[in-house]
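User: I would like to go through one helix and its surroundings. Please give the reasoning behind each label.

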Amino acid sequence: MDDGIASEIGNPDRKTNLSLTLRRRILTMELPPGAVLDEVALSEEFGLSRPPVRELMRQMAGEGYIELEANRAARVSSMSYQSLRDFFLLAPMIYITANKLAAENGTRGQLDVLKRMQQSFRKAVDNCDVEGRVFYNDQFHRQIGEMAHNVYLVPSLRRLQIDHARIGKVFYKHPNTPRMQEELELATQQHDEMIDAIGKRDPDAAGELARLHLELSRRNMAMYAAPEGLETPTL
């Protein structure tokens with residue numbers, strides 16, 4: 001094995017940093033859908049040789065962040081009206097189930113992590129940090145998925161969250177009316193209520209909050225996901 005590659009495997013900090021940074025750039029749309037990922041530039045930026053970068057890209061392709069095709073550069077996963085429609089058809093089932101199972105199966109330690117995620121999300125809201133709102137909202141719901149302790153649920157939830165974060169970036173970027181600001185505050189409050197319901201091990205309340213939370217997202221995302229004058233497909 002090449003000494004440089006062996007060193008990178010033995011000390012995964014740079015690989016972990018690349019993984020976290022690339023995911024965040026995609027979720028916050030710093031790297032927009034369809035953007036080409038320059039393997040050489042990423043290798044140089046993070047001090048890695050190309051094999052571990054390729055390995056990470058294959059992993060992220062399997063998770064839905066990246067599209068890999070033969071004889072083409074890796075690209076950030078695309079989005080379309082069809083993917084938007086598919087998201088809102090499936091998301092209620094997955095998010096409601098995740099919340100219910102989190103209330104039934106989550107540990108106290110996991111609940112403490114969820115509370116810290118919410119603190120970071122609320123701070124981002126208060127500071128008008130759009131990228132922070134997107135990222136910590138994603139981390140909040142990801143943690144709920146972990147608390148569900150269901151190996152079949154988590155992959156589906158994580159795939160939904162990629163597009164949820166990217167669609168949501170449009171919403172978080174435009175809370176420019178009193179109604180939008182009120183609904184952003186309501187979404188933040190719903191997070192607090194989810195924490196309370198999960199902590200009380202009340203799956204019905206946790207599931208209903210997920211439904212209300214997603215409906216709030218759906219109304220606003222449908223409003224902003226399509227350019228003005230372009231008809232949004234029926235959801």
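Analyst: This is a predicted model. Start with the buried residues of helix 9: M180, E183, L184, A187, T188, Q190, H191, M194, I195, A197 and I198.

User: What makes H191 buried?

Analyst: Buried means under 20% relative accessible area. H191 has 0%, so H191 is buried.

User: Which residues does H191 touch, leaving aside those up to four places away in sequence?

Analyst: H191 touches Q118, F121, N137, F140, H141 and H213.

User: Why is the pair H191 and H213 called a polar contact?

Analyst: The cut-off for a pair of N or O atoms is 3.5 Å. The side chains of H191 and H213 make their polar contact at 3.3 Å.

User: How do you know that the span of helix 9 agrees with its number of residues?

Analyst: Helix 9 covers residues 178-199, which is 22 residues. At 1.5 Å a residue, the expected span is 32 Å. The end C-alpha atoms are 32 Å apart, so the two agree. Just after helix 9, R201 has a positive phi of about 55°.

User: Why is helix 6 called roughly antiparallel to helix 9?

Analyst: Helix 6, residues 108-126, packs against helix 9 at about 170°, with the axes 10 Å apart. Angles over 145 degrees count as roughly antiparallel, so helix 6 earns that label.

User: Which residues make that contact?

Analyst: From helix 6 come R108, L111, L114, K115, Q118, F121, R122 and V125. From helix 9 come L184, E185, T188, Q189, H191, D192, I195, I198 and G199. By class, the contact has 7 nonpolar, 5 polar and 5 charged residues.

Terms used: Residues numbered from 1 in each chain as written. Predicted model: local features only at pLDDT ≥ 70, side-chain atom pairs only at ≥ 80, totals over all residues. Heavy atoms only, no water. Helix = DSSP H or I, 4+ residues; strand = E, 2+ residues; numbered from the N terminus. Expected span 1.5 Å × (residues − 1). Buried < 20%, exposed > 50% of the residue type's maximum accessible area, 1.4 Å probe, protein only. Axes fitted to C-alpha atoms, helices over the stretch in contact; angles between N-to-C directions. Parallel < 35°, antiparallel > 145°, perpendicular 65-115°, else oblique. Contact = heavy atoms within 4.5 Å. Nonpolar A, V, L, I, M, F, W, Y, C, P; charged D, E, K, R; others polar. Polar contact = N/O pair within 3.5 Å; in protein donor to acceptor, adjacent residues only side chain to side chain.
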